[in-house]
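This report looks at one helix and then at the side-chain pairs of a single structure. Please keep the sequence and the 3D view at hand while reading.

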Amino acid sequence: AVCSMGTSTSRLYSVLAKTLSSGAVSQHQDCLEQLDPAQLDPIDPKELLQECQIVLQKRPPRFQRNFVNLKKNPASNHRPIRVMQWNILAQALGEGKDNFVQCPMEALKWEERKCLILEEILAYKPDILCLQEVDHYFDTFEPLLSRLGYQCTFFPKPWSPCLDVEHNNGPDGCAMFFLKERFELVSSANIRLTAMKLKTNQVAIAQTLKCHETGRLFCIAVTHLKARTGWERFRSAQGCDLLQNLKSITQGAKIPLIVCGDFNAEPTEEVYREFSNSSLNLNSAYKLLSPDGQSEPPYTTWKIRPSGECRHTLDYIWYSQHALNVNSALGLLTEEQIGPNRLPSFNYPSDHLSLVCDFSFNQDPDRLL
């Protein structure tokens, strides 16, 4: 088969159209397998954004969210590192298992929901992107984001619930993307989390990167812990296992660390306290949005299921507070913006809000690596 990319916008639209549906996946599978992303032309993010907006022209506009400046120290000479954390909602679960009773099925169509996700990523331009519930990695995110300059890594769940859904697109898992122009990959670890010495269905990716501009090393990790009430001890054990792995990778916190994840745990849970009290000296970045800097946001997910309305704080960006500063954080959607039918919706593609932070290295020369 010949896979013509064309030129300019027509080429771009061809690439975007091929990722619009599962039907397109099978139709173009041979093409996808033959194409090496490194050999494909780069995509102009502005052009891709325009293509997404064409697909979304009948939907209401994306919500306006503003960054809150949190920097108290003198300005750094180096560009901040923007990190984005987001559970994007697996397509198979959104359509097949999650039962968002107030969300029209039309709003969950992958053809458009995918463009809402891409629009949000393109709007905030993260240097590092950490995603959970990714079940369209190979046909959408890897081919597109690699052409935007990202290096891409995916680690699926061993027994993904997506596979139980008819017409699924394969297993969901965690994915990490970083801009190759800004960072060099030093090491990478795919971690299958254990609990009570048993391997579990939850995973993490941890990568040590070198910042080209500063020469500094740091570790970035993404994870998604076990869901649902009644599994608190299980999540605690998974968190302990992840912390042990990260202690080894960061040489006991000598290498600065950022951990992104859907922990499926409120701040009252044991796993939250384990991260707060860890010897890795971690703090939760979004606490800094509160007046006293000590309280998490009131919610990072808000949905309505047959069992009722669920408003919880489950998503976090943890960071080494001795080595990193949080310059700014993206404000969350207000209740008015979310609306009475909650998430997901025609306005917003996931039941979880994205978290975005700008980090800079502590300028203490004694902490240079």
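Which residues of α8 are buried? In this predicted model, the buried residues of α8 are Phe234, Arg235, Ser236, Ala237, Gln238, Gly239, Asp241, Leu242, Leu243 and Leu246. These buried residues pack against the strands β6 (183-195), β7 (198-211), β8 (217-224), β9 (257-262) and β10 (282-284), and also against the helix α9 (270-276). Helix α8 itself covers residues 232-249, and because 18 residues at 1.5 Å a residue should span 26 Å, the 26 Å that separates its end C-alpha atoms agrees with the expected value. Just after α8, Gln251 takes a positive phi of about 55°.

**Salt bridges**

Side chains of opposite charge can pair when their charged atoms come close. The structure holds 15 salt bridges, and three of these pairs are set out below, each with the distance between its closest N and O atoms.

| Salt bridge | Closest N and O atoms |
|---|---|
| Arg82 and Asp358 | 2.7 Å |
| Arg182 and Asp127 | 3.0 Å |
| Asp351 and Lys303 | 2.8 Å |

In the pair of Arg82 and Asp358, Arg82 lies in strand β2 (residues 81-87) and Asp358 in strand β15 (residues 355-361), so the salt bridge ties together parts that are 276 residues apart in sequence. Both Arg82 and Asp358 are buried.

The salt bridge between Arg182 and Asp127 links distant parts of the chain, with Arg182 in the loop between β5 (173-179) and β6, and Asp127 in the loop between α6 (110-124) and β3 (128-134), 55 residues apart. Arg182 is buried, as is Asp127, and these two residues are linked with Arg79 and Glu213 in a network of salt bridges.

The salt bridge between Asp351 and Lys303 likewise links distant parts of the chain, for Asp351 is found in the loop between α10 (335-338) and β15, while Lys303 belongs to strand β11 (residues 301-305), 48 residues apart. Here too Asp351 and Lys303 are buried.

**Aromatic rings**

A pair of aromatic rings is described by the distance of the centres and the angle of the planes. The count for this structure comes to 19 aromatic pairs. One of them is the stacked pair of Tyr137 and Phe154, with 4.8 Å from centre to centre and 10° between the planes. This pair links distant parts of the chain, since Tyr137 sits in helix α7 (residues 137-147) and Phe154 in strand β4 (residues 150-156), 17 residues apart; both Tyr137 and Phe154 are buried.

Why is the pair of Phe263 and Tyr316 edge-to-face? The ring centres of Phe263 and Tyr316 are 5.7 Å apart and the planes stand at 85°, so the pair is edge-to-face. Phe263 lies in the loop between β9 and α9 and Tyr316 in strand β13 (residues 315-320), so the two rings tie together parts that are 53 residues apart in sequence. Phe263 counts as buried at 1% relative accessibility, and Tyr316, with a relative accessible area of 2%, is buried as well. Together with Tyr272, Phe275 and Trp318, the residues Phe263 and Tyr316 form one aromatic cluster.

**Charges over rings**

Arg62 lies over the face of Tyr124, at 5.8 Å from the ring centre. The charged end of Arg192, in turn, sits over the ring of Trp159, 4.9 Å from the centre of that ring.

Definitions and conventions. Residues numbered from 1 in each chain as written. Predicted model: local features only at pLDDT ≥ 70, side-chain atom pairs only at ≥ 80, totals over all residues. Heavy atoms only, no water. Helix = DSSP H or I, 4+ residues; strand = E, 2+ residues; numbered from the N terminus. Expected span 1.5 Å × (residues − 1). Buried < 20%, exposed > 50% of the residue type's maximum accessible area, 1.4 Å probe, protein only. Contact = heavy atoms within 4.5 Å. Salt bridge = Lys/Arg side-chain N within 4 Å of Asp/Glu carboxyl O. Phe/Tyr/Trp six-rings, centres within 6.5 Å; stacked < 30°, edge-to-face > 60°. Lys NZ or Arg CZ within 6 Å of the ring centre and 35° of its normal.
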